[in-house]
Amino acid sequence: LAAIRKSVLLEFYGRNNSGGSESATDPLFATASAGVATGPDGLSSALSLVEDTNNVYHVTRFNPCPNGTQGNPYTFAFGAKADTRTKLFVNTTATNNGGSPTIIDLSNGTVHTAGSGRTVTIEDIGNGWYWIGVTWTITGTPISDARACIGLVNGSNATSYAGDGAS
């Protein structure tokens, strides 16, 4: 039997106003492998986010993202395409401003669940890829730890679950 990788494909662009969001800097309970598939730009630039076997969130974090100003809106944007997982979640947080995650369905480019205080835009950019932007306003203090996370969602729509670690 062939192993099945539980993953989504991600691509990062310079269309963000949140600093540092052009690269996945901190995978947690997941493996982020770069250059594994063709991105929407036609290059082998897509990153694959694969879950491990822990019973937790399987994410890559962007930290800090941004080191922003309280009261200002920020947008975290990226390209994504379904692989063996068809949903992903995005969470944008700052101290005292946790918020609930936004779940995106990559099989049809729709918002499955919108996070509290988040505005989500999704644009079909072809070949199964979607441009996703999540905008939020930092309201917590201190805001030096504001960050964004992208994580995997299992078939039961859980954002925290025991992964199978297959790759």
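Two strands count as paired if DSSP finds at least two bridges between them. Strands themselves are DSSP runs of E with at least two residues, and helices are runs of H or I with at least four residues, both numbered from the N terminus. This is a predicted model, in which local features need pLDDT of at least 70, side-chain atom pairs count only at pLDDT 80 or more, and totals for chains, interfaces and linings use all residues. Residues are numbered from 1 along each chain as its sequence is written, and side-chain values use heavy atoms, with hydrogens and water left out.

**Exercise 1. Describe the chain as a whole.**

Step 1: begin with the secondary structure. The chain has 14 strands and zero helices.

Step 2: turn to burial, where buried means under 20% relative accessible area, exposed over 50%, and partly exposed in between (1.4 Å probe, protein chains only). Of the 167 residues in the chain, 43% are buried.

Step 3: look at contacts, meaning heavy atoms within 4.5 Å. Among contacts with a separation of 6 or more, 68% join residues 24 or more positions apart.

Step 4: finish with the surface, using Shrake-Rupley accessible areas with a 1.4 Å probe. The total is about 7,300 Å², and carbon and sulfur atoms hold 47% of this.

**Exercise 2. Work out how strand 11 and strand 12 are joined, and examine the turn.**

Step 1: find the pairing. Strand 11 (residues 119-126) runs antiparallel to strand 12 (residues 129-137), with seven bridges. One of the residues involved is T119, whose bridge partner in strand 12 is T135.

Step 2: inspect the connection. Two residues separate the strands of this hairpin, and N127 in the turn has a positive phi of about 55°.

Step 3: put that angle in context. Most residues other than glycine have a negative phi. N127 is not a glycine, yet its phi is positive.

Step 4: check the surroundings. N127 counts as exposed because its relative accessibility is 63%.

**Exercise 3. Compare N127 with N157.**

Step 1: take the angle. N157 also is not a glycine and has a positive phi, about 65°.

Step 2: place both residues. N127 sits in the loop between strand 11 and strand 12, while N157 belongs to the loop between strand 13 (147-153) and strand 14 (160-162).

Step 3: compare accessibility. N157 has 29%, so this residue counts as partly exposed, whereas N127 counts as exposed.

**Exercise 4. Locate R118 and Y74, and say what each lies beside.**

Step 1: start with R118, in the loop between strand 10 (110-113) and strand 11. R118 is buried because its relative accessible area is 11%.

Step 2: follow the side chain of R118. It reaches the backbone oxygen of S116 at 2.8 Å.

Step 3: move to Y74 in strand 7 (residues 73-82). With 10% relative accessibility, Y74 is buried too.

Step 4: find T137, which is 63 residues from Y74 along the chain; their C-alpha atoms are 6.2 Å apart.

**Exercise 5. Map the nonpolar cores.**

Step 1: set the rule. A nonpolar core is a set of buried Ala, Val, Leu, Ile, Met, Phe, Trp, Tyr and Cys residues joined through side-chain atoms within 4.5 Å.

Step 2: examine the largest core. It has 16 residues, and F76, F78, L88, L106 and I132 touch the most other members. Strand 7, strand 8 (87-93), strand 12 and strand 13 each contribute at least two of its residues.

Step 3: zoom in on I132. Leaving out residues up to four places away in sequence, I132 touches F76, A77, F78, A80, I104, L106, T121 and I122.

Step 4: look for another core. A second, separate one has five residues, among them V59, F89, I103 and V153.

Technical notes. Polar contact = N/O pair within 3.5 Å; in protein donor to acceptor, adjacent residues only side chain to side chain.
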